[in-house]
Amino acid sequence: MNTRYVILLLLTIISFNGFSITEDWGKTGHRVTGEIADSYLTKKAKRNITKLLKGQGLAFVSVYADEIKSDERYRKYGPWHYVNFDFDKKYGEDTPNERGDLVQGIQKCIEVLKSDTSSEEDKEFYLKMLIHFVGDLHQPLHVGRGEDKGGNDIQVRWFRDGSNLHRVWDSEMIDYYNMSYTELASNANELSTLQLEEIRKGEVLDWIYESQSLAKKVYASANVGEKLGYKYMYEHFPTVRSQLQKGGIRLAKILNDIFG
Ligand code: ADE
Ligand code: ZN
Ligand code: ZN
């Protein structure tokens with residue numbers, strides 16, 4: 001074997017074992033949340049949003065914030081996709097990351113969108129970012145521990161393949177389910193008025209704490225190196241579906257407040 005072949009082989013092994021660049025809810029997850037949000041928008045909000053997004057839909061733009069990650073001009077937005085703080089403390093008790101985080105990111109987006117002095121260009125950008133970040137907020141491990149990068153450093157097996165706990169929650173379960181985002185959105189759980197009210201209650205920080213409390217359960221759900229598969233899907237995919245649905249309903253609430 002020549003050296004180039006060995007290096008190629010090593011790189012292939014590494015990329016199959018979960019050492020690749022960290023991601024978010026995969027594309028499908030973000031699109032489900034965007035699609036569900038769309039169905040809860042008021043007519044007025046939908047009109048204003050469609051104008052700002054030049055006809056592109058919420059599902060379509062929901063992955064924009066991930067797409068720009070490879071462009072170094074947008075590097076500063078990297079830490080806005082997640083927030084890590086002590087499980088026994090409230091957000092802000094320890095100094096928040098001065099490079100920004102999910103909470104500050106969402107606040108900034110809302111601020112720009114509500115301001116009369118923001119340019120249309122800025123409003124379009126921060127609207128796309130907001131649609132994405134409200135999705136991220138509902139991935140429990142985006143409100144996980146900093147030490148293991150929200151589970152990215154916890155290696156597990158997903159069926160026969162190497163993966164990590166974060167990736168299982170971002171995309172492995174959703175991809176394994178093998179439904180399109182439109183199918184997942186249209187098959188979301190039916191909710192009573194009371195359930196809808198409960199989901200809409202509160203604000204961004206309350207939803208962050210809810211995700212964090214789910215994150216604790218997620219950490220307890222698997223051991224390092226464990227092989228996860230059918231049983232894990234059965235036990236945890238309902239939480240994924242519910243979080244994607246809550247994300248959509250709450251995103252619509254925020255957007256109706258700004259644009260409705
Ligand atoms: N992605 C990269 N770093 C992360 C972290 N610390 N928490 C959650 N998601 C992440
Ligand atoms: Zn992620
Ligand atoms: Zn993200």
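This short talk goes through a metal site, a cavity and a small sheet in one predicted model.

A word on conventions before we start: residues are numbered from 1 along each chain as its sequence is written, and chains are lettered from A and ligands numbered from 1 in the order in which they are written. Since the model is predicted, local features need pLDDT of at least 70 and side-chain atom pairs count only at pLDDT 80 or more, while totals for chains, interfaces and linings use all residues, and side-chain values use heavy atoms, with hydrogens and water left out.

Let me begin with the zinc ion, ligand 3, whose protein donors are Asp24 (OD), His81 (ND1), His132 (NE2) and Asp136 (OD), at 1.9 to 2.1 Å from the ion. Donors here are N, O and S atoms within 2.8 Å of the metal (3.2 Å for Na, K and Ca), and because water is not among the atoms, sites may look incomplete. Along the chain these donors follow the spacing D-x56-H-x50-H-x3-D. Aspartate 24 sits in the loop between helix H1 (3–16) and H2, and histidine 81 in the loop between helix H5 (64–67) and helix H6 (102–114), so this pair ties together parts that are 57 residues apart in sequence. Helices (H or I, at least four residues) and strands (E, at least two) are DSSP runs, numbered from the N terminus. Both aspartate 24 and histidine 81 are buried, meaning under 20% relative accessible area (1.4 Å probe, protein chains only).

Why is the arrangement around the zinc ion (ligand 3) called irregular? The four donor atoms subtend angles of 96 to 152 degrees, which makes it so, because four donors count as tetrahedral only if all angles lie between 85 and 135 degrees, and as square planar if opposite donors are over 155 degrees apart and all others between 65 and 115.

Turning to the sheet, three strands form an open sheet in the order E2-E1-E3, with mixed pairing. E2 and strand E3 (227–228) stand at the edges with a single partner strand each, so one side of each is left without a neighbour in the sheet. Strand E1 (residues 155–158) and strand E2 (residues 161–164) pair in the antiparallel sense over four bridges, where pairing requires that DSSP finds at least two bridges between two strands. Glutamine 155 has asparagine 164 in E2 as its bridge partner. E1 and E2 form a hairpin with two residues between them, and phenylalanine 159 in the turn has a positive phi of about 50 degrees.

Definitions and conventions: Tetrahedral: all angles 85-135°; square planar, octahedral: opposite > 155°, others 65-115°. Buried < 20%, exposed > 50% of the residue type's maximum accessible area, 1.4 Å probe, protein only.
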